[in-house]
Amino acid sequence: LELDSSLNGIVGGYTPDSQHLIFRTDAGVDVLAAQTLEVEKQYPGLALVNVLADGRFAALQGSQLVFVDPVSGESEAVETDANLSGVYAVNPTGEQAAALADDSTVRVYSLTGGEPLDIKAANSEPLEKIFFTGDGGALILLIGGGNNSRFEAYEAATATKLYEFPTYNPPQFSTDGKYFAVSTFNGIVVAEAATNTVLNTYNPGYIIERGCDFAANKCVDHGINLVGSFVIGSPETTIVVTREERHEGKPGNSVAEQGWHTVSSIESTVVANLVTGAQKFVFGGYSLASLHGGFGSPDGSTFVIIKNNAEIFVHSLADGSLLAQTDRFAVGGGPQLSPDGAQVGWANSNGVYVYDWQNAKLTLEASQPLPLSQSALLGFLPEGRLLVESTPGGGAGLDLWNIASGQVESTLSALSDCSADAAGLYVLC
């Protein structure tokens, strides 16, 4: 899968009949059976832009916009004056495309012969992304700018501004376009997309036990916190990741005397109704650091979870049971073969991975310890180690990973543009 969040278009989605899943890959577009995840069709050379309401998908073939029937492969070339090489989006109705016309204008183009509509930006703040809601009724502009970060909603048919919502985090719209959810410091705010009317704020956490028993010389801080979420269909079927943590210490006047330490920290994946705040069911197996996103089927029967390593999982929305999963992974960041050719490794900003060819499984799947802008595996070293070049906020450096433990053993900072020799004994920077 192609999981680069900076790309235009979508990673994937269900067809309207819920029978197929369509995904963007490094090689093109893959069409999978929704229940089994078996690949039924492949379209090399296409870049997925959106899944359309009529069952086709929109894609780029070079610079040409095409609408493709995922089953028959029948393709229609669509002419547009939109610049589809920068920031752009295609309406799932198949009737509009939106793109930057200049540094301060987003232009909405008709694909059916109508006149274009212009949206003038208020100032020169960076436009990070544009997309249409799932019902095609609104165009969303995601705007950066530090303390002024926000998203703006416009009626797609008229380019009339509906409202703006201040947020550091991108909004997540339900597939029917009726609701949006956005993470804030106070919890997850859920609102009607058409009017920006807040319906509910999902609680960011609560305390189970907190206090000290002086007779037992013991203090406890035990609670559940909201650590992340993504909308898989509508706020009635939204995945929420929570972390239950228990910390213990002793009464004292200083940090050293109190000796607080973590006894347990467990992440759970919850399917919740964000409109009412009620939980539907809880299931395990995922951590927030491992999740890329997900979405629900139009018929409300299943939902998809995508991990950062590009594994795909299909779950039942009735009880959360796992129905199918893939064994394919996203290989990026300069894949490297081990000296014996038995393994391939790669690294990206999410983690470091090693895949064993013979046993057909990942032998290492470790999250990066720091937020990174980029990362690349330089090579395998003797004694089961990996050399990884990483670029966090403070500058580039080299990390020495232990494959067995999945941990960074040591770091050399202020080194960049590195390459290792074939034997893994020397590195040049």
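A disulfide is a pair of cysteine sulfur atoms within 2.5 Å. The exercises below use a predicted model.

**Exercise 1. The disulfide**

Task: Find which cysteines form a disulfide, and state the handedness of the link.

Solution.
1. The structure contains 1 disulfide.
2. Its partners are Cys 212 and Cys 219, with an S to S distance of 2.0 Å. The cut-off is 2.5 Å, so this pair qualifies.
3. The angle about the S-S bond is 105°, and the link of Cys 212 and Cys 219 is right-handed.

**Exercise 2. Accessibility of the two cysteines**

Task: Classify Cys 212 and Cys 219 as buried, partly exposed or exposed.

Solution.
1. Buried means under 20% relative accessible area, exposed means over 50%, and partly exposed lies in between.
2. Cys 212 has a relative accessible area of 40%, so Cys 212 is partly exposed.
3. Cys 219 has 1% relative accessibility and therefore counts as buried.

**Exercise 3. Positive phi outside glycine**

Task: For Ser 18 and Leu 37, give phi, the loop that holds each residue and the burial class.

Solution.
1. Ser 18 is not a glycine, yet has a positive phi of about 65°. Leu 37, also not a glycine, has a positive phi of about 65°.
2. Ser 18 sits in the loop that runs between strand 1 (12-14) and strand 2 (20-24). The loop of Leu 37 lies between strand 3 (28-33) and strand 4 (39-44).
3. The relative accessible area of Ser 18 is 4%, so Ser 18 is buried. Leu 37 is at 8% and therefore also counts as buried.

**Exercise 4. Surroundings of Pro 298**

Task: Locate Pro 298 and list which residues it touches beyond four places away in sequence.

Solution.
1. Pro 298 belongs to the loop between strand 26 (291-296) and strand 27 (302-307).
2. Leaving out residues up to four places away in sequence, Pro 298 touches Tyr 14, Thr 15, Pro 16 and Ser 18.
3. Val 270 is 28 residues from Pro 298 along the chain, and their C-alpha atoms are 20 Å apart.

**Exercise 5. A four-stranded sheet**

Task: Describe the open sheet of 4 strands: its order and pairing, its edge strands and its average twist.

Solution.
1. The order is 13-14-15-16, and the pairing is antiparallel.
2. Strand 13 (127-132) and strand 16 (161-166) are the edge strands, because each pairs on one side only.
3. From one strand to the next, the twist averages 15°.
4. Within this sheet, strand 14 (residues 138-143) and strand 15 (residues 150-155) pair over 6 bridges. Ile 143 has Arg 150 of strand 15 as its bridge partner.

Notes
Residues are numbered from 1 along each chain as its sequence is written. This is a predicted model: local features need pLDDT of at least 70, side-chain atom pairs count only at pLDDT 80 or more; totals for chains, interfaces and linings use all residues. Side-chain values use heavy atoms; hydrogens and water are left out. Buried means under 20% relative accessible area, exposed over 50%, partly exposed in between (1.4 Å probe, protein chains only). Helices (H or I, at least four residues) and strands (E, at least two) are DSSP runs, numbered from the N terminus. Contact means heavy atoms within 4.5 Å. Two strands pair if DSSP finds at least two bridges between them. Axes are lines fitted to C-alpha atoms, for helices over the stretch in contact, and angles run from 0 to 180 degrees between N-to-C directions.
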